[in-house]
Amino acid sequence: MSAPVKSCSLGPVPTLLVHEFVDLLLPFITKMVNTSLAQGRLPTSQKHAIVTPLLKKSGLDTADMGNYRPVSNLSFMSELVEQAIVSQLNDYLVANNLLPPHQSGYRKGHSTETAMLRVWSDFLTTADRRQVTLLGLLDLSAAFDCVDHTILLQRLHSVFGLRDVVLQWIESFLSDCTQQVAFNGQLSATQPVLFGVPQGSVLGSLLYVLYTAELAKVVAGHGLQMHQYADDIQIYTYTTIDDAVSAVDRFAACLTDVKAWLRASRIRLNPTKTQVMWLGSSQQLAKLDISRVFCRHA
């Protein structure tokens, strides 16, 4: 009943009618969801998506395809099964403390606001110690669409301990999917989906978080801090003015390893939109003479 009342051309029954006749339909819906979970598979009929390109924010150039986010519209039944999976998977991850601690995306009690407050608090604390912060804002190119299914399933098994019917269901969710793009009232030809997790699906977002969870270990290995919200990544380190050159070297080495890890995960860093900056009090920043960070090619 908490599902939003929205229409999808893939669903035989509008969500509004499901809400209205839920007493009659609920036993059948429950049976379908439980059967899907028990058998470890999602029916092929629920694996098709209508993709709508939406501008990432108002005011962007509508002629630049890079300014659009592809949002998948899935069938109502597919979303219901996903909600059941996400509910149980989240309970398992929380109970076993498996969620990445510095990822605020798609987690209860976390939001863009809490992510911003955490990072901003670290900056202010550093400034109070008369130190400066070297911050990198990493931009990824179509990260959700680049997820490699084989790598994802391997990580779900080896890192998060998912196996048997649970892993079978997720593999079924990812395989043999198709999609069409809706634009200007028309639909494209149907195409197979070979990579990625659908944006707009509740499970796809959580799977992306788990896919990139090990990135935190790469950053921590260099002694740097990291915080994420979905595919937005902030990497930063603190330093005194006297140790700024060494801090820049550590930062550059970290970025090199991050690029290598992302490439091995089939995700591409977008250098044109990635930004690096110094933060601190005006008195401390005036003492800095380092304006560039050189990162080795990975």
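This text goes from the overall build of a predicted model to its charged side chains.

The protein has ten helices and eleven strands. Its C-alpha trace spans about 70 × 45 × 35 Å along the principal axes. Of its 298 residues, 41% count as buried. The surface that the protein exposes amounts to about 16,600 Å², and 56% of this is supplied by carbon and sulfur atoms. Among contacts between residues at least 6 apart in sequence, 71% join residues at least 24 apart.

The charges can be taken next. There are 24 positive and 24 negative charges, and their mean positions lie 4 Å apart. Four salt bridges are found in a search of the whole structure, and three of these are described here, beginning with Asp148 and Arg266.

The side chains of Asp148 and Arg266 meet at 3.9 Å, N to O. This salt bridge links distant parts of the chain, 118 residues apart: Asp148 is in the loop between β4 (140–141) and α5 (149–158), while Arg266 is in the loop between α9 (244–264) and β10. Asp148 counts as buried because its relative accessibility is 10%, under the 20% cut-off. Arg266, at 48% relative accessibility, counts as partly exposed.

Another salt bridge joins Glu214 and Arg155, with an N to O distance of 4.0 Å. Glu214 sits in the loop between α7 (202–211) and α8 (215–220) and Arg155 in helix α5, so this pair ties together parts that are 59 residues apart in sequence. Glu214 has a relative accessible area of 27% and is therefore partly exposed, whereas Arg155, with 12%, is buried.

Asp243 and Arg250 form a further salt bridge, in which the closest N and O atoms are 3.8 Å apart. Asp243 is partly exposed, with a relative accessible area of 33%. Arg250 is also partly exposed, and its relative accessible area is 29%.

Other charged residues belong to a surface patch. Lys56, Lys57, Arg69 and Lys273 gather there in a patch of positive charge. One of them, Lys273, is located in the loop between β10 (268–269) and β11 (275–279). Lys273 counts as partly exposed because its relative accessibility is 42%, a value between the 20% and 50% cut-offs. Patch membership requires over 30% relative accessible area and no salt bridge, and the 42% of Lys273 satisfies the area condition.

Terms used: Residues numbered from 1 in each chain as written. Predicted model: local features only at pLDDT ≥ 70, side-chain atom pairs only at ≥ 80, totals over all residues. Heavy atoms only, no water. Patch = residues over 30% accessible without salt bridge, like charges linked within 9 Å, V, L, I, M, F, W, Y side chains within 5 Å. Areas by Shrake-Rupley, 256 points an atom, 1.4 Å probe, with all protein chains shown as cover. Lys, Arg positive; Asp, Glu negative; His and termini not counted. Charge placed at Lys NZ, Arg CZ, Asp CG, Glu CD. Helix = DSSP H or I, 4+ residues; strand = E, 2+ residues; numbered from the N terminus. Buried < 20%, exposed > 50% of the residue type's maximum accessible area, 1.4 Å probe, protein only. Contact = heavy atoms within 4.5 Å.
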